[in-house]
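Let's take a friendly walk through this fold, starting in the middle and working outwards. Have a look at the sequence and the model first.

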Amino acid sequence: MSTVRVRVAVADDDPGFRQIFQDVLSAQHEIVGVAEDGRELVVIVREHDPDLVILDITMPVMNGFEALESCRANGCSSRFVFCSANGSRAYVKRALHLGAQGYVHKAALWEDLPAAIATVLDGGIFISPSISIEA
């Protein structure tokens, strides 16, 4: 029985988080690229067309929001999950408005990322339960 591995691109300006994402994801998924800023991520997405993109918001050169907008403008249909230390309602709403399917608060990364990936790949929307987006 052959299992198709989900192709994932990762972007975070923090080398520690880039390594965590690679360590956590590589057992079940194929990492097609790792970027340290949004501009580098846009190139990876264009070249490798991943199924899933996991990215931070606050990055140099081009932030995560700008990277998502650029990818969508280039016709990218990948699913996007933001992993951010910022759990503000405004950030979550902006991410969803731009077309992200998930938002994980880094404080709950270990608990929430696997559920976020499963939900998003199944066509749903995931927001860390610790984040309230209600007014």
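Which residues of strand β3 (residues 52–55) are buried on one side, and which on the other?

## The covered strand

This is a predicted model, and in it strand β3 has cover on both faces. Leu52 and Ile54 are buried on one side, while Val53 and Leu55 are buried on the other. That split fits a general pattern: side chains in a regular strand alternate between the two faces of the sheet.

Strand β3 also has partners on either hand. With strand β1 (residues 6–11) it pairs in the parallel sense over 4 bridges, and Val10 has Ile54 as its bridge partner there. Towards β4, the strands again run parallel and are joined by 4 bridges; here Leu52 stands opposite Arg79.

## The whole sheet

Now let's step back to the full set of strands. The 6 strands form an open sheet, with parallel pairing, in the order β2-β1-β3-β4-β5-β6. Because β2 (29–35) and β6 (126–127) stand at the edges with a single partner strand each, one side of each is left without a neighbour in the sheet.

Strand β4 (residues 79–84) continues the picture beyond β3. Of its 6 residues, 5 are buried, so to speak leaving β4 mostly covered. Its other pairing is with strand β5 (residues 102–105), in the parallel sense and over 4 bridges. In that pairing Cys83 stands opposite Val104.

## The chain as a whole

How many helices and strands does the chain have? There are 5 helices and 6 strands, and along the sequence they follow the pattern β-α-β-α-β-α-β-α-β-α-β.

What about overall dimensions? The C-alpha trace spans about 45 × 35 × 30 Å along its principal axes. A compact globule of 135 residues would have a radius of gyration near 14 Å, and the chain, with 14 Å, agrees with that. Buried residues make up 44% of the 135 residues. Of the contacts with a separation of 6 or more, 59% come from residues 24 or more positions apart.

The accessible surface of the chain comes to about 6700 Å², and carbon and sulfur atoms account for 50% of it. The chain carries 11 positive and 18 negative charges, and the mean positions of these two groups are 5 Å apart.

## Two loop residues with positive phi

Most residues other than glycine have a negative phi. Two loop positions are worth a look against that background.

Asp49 is found in the loop between α2 (38–48) and β3. Its phi is near 45°, a positive value in a residue other than glycine. With a relative accessible area of 47%, Asp49 is partly exposed.

On the other side of β3 in sequence, Val61 is found in the loop between β3 and α3 (64–73). Val61 is not a glycine either, yet its phi is positive, at about 70°. Is Val61 buried or exposed? At 54% relative accessibility, Val61 counts as exposed, because the cut-off for that class is over 50%.

## Cys76, before β4

Cys76 lies in the loop between α3 and β4. Its relative accessible area is 13%, so it counts as buried, the limit being under 20%.

Which residues does Cys76 touch, leaving aside its neighbours within four places in sequence? Cys76 is in contact with Val45 and Cys71. Val42 makes a useful distance check: Cys76 and Val42 are 34 residues apart in sequence, and their C-alpha atoms are 9.6 Å apart in space.

## Gly16, in the helix α1

One more stop takes us back towards the start of the chain. Gly16 has its place in helix α1 (residues 15–25). Gly16 is partly exposed, with a relative accessible area of 34%.

How far apart are Gly16 and Glu30 in sequence and in space, and what are the two values? They are 14 residues apart in sequence and 19 Å apart in space, taken from C-alpha to C-alpha.

Notes
Residues are numbered from 1 along each chain as its sequence is written. This is a predicted model: local features need pLDDT of at least 70, side-chain atom pairs count only at pLDDT 80 or more; totals for chains, interfaces and linings use all residues. Side-chain values use heavy atoms; hydrogens and water are left out. Helices (H or I, at least four residues) and strands (E, at least two) are DSSP runs, numbered from the N terminus. The radius of gyration is taken over C-alpha atoms; the globule rule is 2.2 Å times the number of residues to the power 0.38. Buried means under 20% relative accessible area, exposed over 50%, partly exposed in between (1.4 Å probe, protein chains only). Contact means heavy atoms within 4.5 Å. Accessible areas come from the Shrake-Rupley method with a 1.4 Å probe; for residues, only the protein chains shown count as cover. Lys and Arg count as positive and Asp and Glu as negative; His and the chain ends are not counted. The place of a charge is taken as NZ of Lys, CZ of Arg, CG of Asp or CD of Glu. Two strands pair if DSSP finds at least two bridges between them.
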